[in-house]
Structures are given as structure tokens and as C-alpha cells.
Amino acid sequence: MNIRAAAAIILCDVLSGTSLSDTLPKHSAKFKDARDQAFLHALCYGVCRWYFRLAALLNTLLDKPIKEKDQDIYCLLLVGLYQLMEMRVPPHAAIAETVNAAKALKKIWAKGLVNAVLRHYQRRLPESSSSDTKDLSVIYSHPAWMIEMAKKDWPLDWQDILAANNQHPPFSLRVNQKKISREKYIEKLKDAETQVIAETEGGITLLKPCDVTELPGFSEGEISVQDGASQLAAGLLSVQPGQRVLDACAAPGGKTTHILELASPLQKMIAIDHHQERLNSIRENLERLHLTADLICADAGNVPAWWDGVLFDRILLDAPCSASGVIRRHPDIKLLRNAEDISRLAKEQSRLLENLWTVLKPDGLLVYATCSVYALENTEILTAFIAAHQDAKEEKIKTDWGKECIIGRQILPGMHGMDGFYFAVLKKR
């Protein structure tokens, strides 16, 4: 199988609405060499990251639009341009192998087109590099609606947000302090370059990403992969031993396991997710870390379907959202989301919050979290909820990380080296 042809097929799937995390693994598995898999990963993520810039450039290089039935050739051309623009692949090799990929896609007729377009770009390289376009979608490689929402919600920070979204994400770990201190684990890494995530109790960043299974102590449960911002959620719950805790929308289980690491034994830890395959990922994490929780496959907002009638001391609602704060990890979000999704997601977030509030004890805490930067999914949800519930009171988050909002705090993408996350803590009167 030709790697570039595989990348074109995967990108076609993304443009048709399938996420990279769903389509990439099944194609990547066809390549046995880890270097081939890494190259395929780099091509797909890179094209998604710079799609709007690449697509605009391609349109200037084509004499006429590519037909819909030849979407794979369109994606192959994007793959070729990305190699020439952003990768260290020698230009002659990038062009030759991309041309050969047209044959692998069983479209020999396209070899001439691919060759002509890529060589045309090479000839225009100085001109292309100094383009003075004023199209913000091209400059920042984001859809126009995302740019407008960022400008509206963060008028002083929108450019930094978009720039951070286009960066490669850090490789961050959470040290299981039940087993080993952060300092001692860093010593085990020996010559590896690390940075402490100062805003967290157990977070570190490896400056050179690697296969986590090769790190010391992984199989023994000493570490987990988790971004620094995500590591803040468990601490905000202020869980005490003996309490009854619910993690709603819990997959893949990073926050569930972190809660158990920080406060145990608990009376009960329940983790809910709507999808059985995602619930399996929580189970795998629990087993590796030698932790225990009750796993329930259900819609967390449909309380009668899963609740046993006993109220919770603490609830974490990591609500499904636009994921606009983690675009640097999932650049396909730029292609998969549309403006209408945000209003739909906001309704789902409100539904979950409304229903889960009914199973929280008086004096209990609920932490509302999203990996979004949009007010419609964050402060507007909480403002409306508190206005409608006399028994709901905000507990101010006393810290210096992130930005203070009308309610809660927002970490913008790239702040403190972290993903974009929003947090608010509510107490039941």
C-alpha cells in the first residue's frame, strides 16, 4: 500500500465527516513499519491542520475544479503540497511518490495532473511564500465561523488562540502520586528532557514525544497520559475519602482514575459513558492502574435509567462540547464542526447539567468542565443555570491559572503549555 494514497483515502473520509481517530487507525494498521505509520500520521494531521491554507493554494494552481468523484485525487494533491510546504521530504521524492500514489488509487490518468500541479507550485514558490492575502481563513487556516466566534468571545486573545491551535501539542504525563512522587519519577527518566507543569500536582511534559508504553513504570501504573489542563479537574472536586462520586461522560477515564488516585478509599466511584467501546477504554485504564470503579453504559442525562436513588457528594460533568480548546491535538475538528453544532451542543450541556443537579447532595459540589473556548458552551450555560436555580451557588476557583470569567475560569489553548479548558464549580445550597 502506498502511504500517500492511504493518506488521501483517510482525508476523503474526514471531508465526508469521519474523525481522524476513527479512520486513521484502521488504515495505519496496514503498515507494519512504525516509521511508515508515523509518516502517515504526520501527513493526515498536517493536512488537516493547514487544510484551509492548502485548499486555497490548490485552487490557484488548478485550471478547473476537481470533480466530486475524484475527491481522492484532490486530497492527494493536498498531501503533495503539504510535503513541499511543511515537511523535510526532498522535493523530488515528494513529487515522484505523490505521482505514483495516483496509480495506487487506480487513477493513472491523474499522474500527469498531480505532476503538473506540484511542479507548478515549485515554480511559483517565491510568489506563493510571500502571498499578501487578507483572507483570515487562509492566514490562520481556520473556517471563517470559528475565527468570528473567537473574535467575539476573546477580542484581545483571538489571534493567540488561532496560532496556538496550529501548534503541535505537548506530550504530557500525570504521575500517580499514590505510587511515586513527581520528582522521583523524573529521576527515573534519566536523560529525557522534561518540564514540570507547575499548575498541577503531578504533571510533567516530555519535550520529545515517545511511545508511552516504553516509559518506565507505565505498565506498573506509575504514569498516565493526560494534558495539564485536564489534570486540574480532579483537584477542583475536593473529594474526601468515604464520599460517593460520579464522573459523568467519563471516557477515556483520565479524570476518573485521577480522582481515585487523589482520594481513596471512596464509598463509591461511578463512571458513566454513553458508548460501550469508550467505556472499555476506562476499564483498561483502571486495570493498568489497579483501581476500581463502577462502570455504567448509559446516557448520564437520563437519570432514571441508571441511578440507584442515592445522592452524590461530588459530580464531575466533563460535558460533550465543540472541543475547540483541543484543536492542536485534533486538527480535523476544523473540518468536522460547523457553526450550528455549537447551539446544539449547548442544549445538550444544559440538559446534562439540569438532570445531574438533581442527584447531588445538599452542600455537594459539581464541577462543570469543557474543552471549549466558546462562551455559549461555558459561561452562558452557567449563568443561565444559576439564574434558574436558587439552590445553586458558584464556588470561586482561587488560583492564578487561566483567566477569570464571569463564572468559572478559562484556560486558553497554549496558556501554561496546556490545552484550552473551562472550569466552574457549583455548590448546592
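**A guided tour from Y368 to helix α1**

Select Y368 to begin: beyond its neighbours within four places in sequence, Y368 is in contact (heavy atoms within 4.5 Å) with L317, A319, Q349, L353, E377, N378, I381, L382, Y422, F423 and A424. The model is predicted, so local features need pLDDT of at least 70 and side-chain atom pairs count only at pLDDT 80 or more, while totals for chains, interfaces and linings use all residues. Residues are numbered from 1 along each chain as its sequence is written, and side-chain values use heavy atoms, leaving out hydrogens and water.

Next, add I259, W306, L317 and F423. Together with Y368, these residues touch the most other members of the largest nonpolar core, which has 80 residues. Such a core is a set of buried Ala, Val, Leu, Ile, Met, Phe, Trp, Tyr and Cys residues joined through side-chain atoms within 4.5 Å; buried means under 20% relative accessible area, with a 1.4 Å probe and protein chains only. A second, separate core has 52 residues, including V14, L57, L62 and L84.

Now select helices α1 (residues 3–15) and α5 (residues 71–86), which pack at an angle of about 115° with their axes 8 Å apart. Helices are DSSP runs (H or I, at least four residues), numbered from the N terminus. Axes are lines fitted to C-alpha atoms over the stretch in contact, and angles run from 0 to 180 degrees between N-to-C directions. The contact is made by R4, A7, A8, L11, C12 and L15 of α1 and Q71, D72, C75, L76, V79 and Q83 of α5.

Finally, select C44 and C48. Why do they form no bond? The sulfur of C44 is 7.0 Å from its closest cysteine sulfur, in C48, which is too far; a disulfide requires cysteine sulfur atoms within 2.5 Å.

Terms used
Helices (H or I, at least four residues) and strands (E, at least two) are DSSP runs, numbered from the N terminus. Buried means under 20% relative accessible area, exposed over 50%, partly exposed in between (1.4 Å probe, protein chains only).
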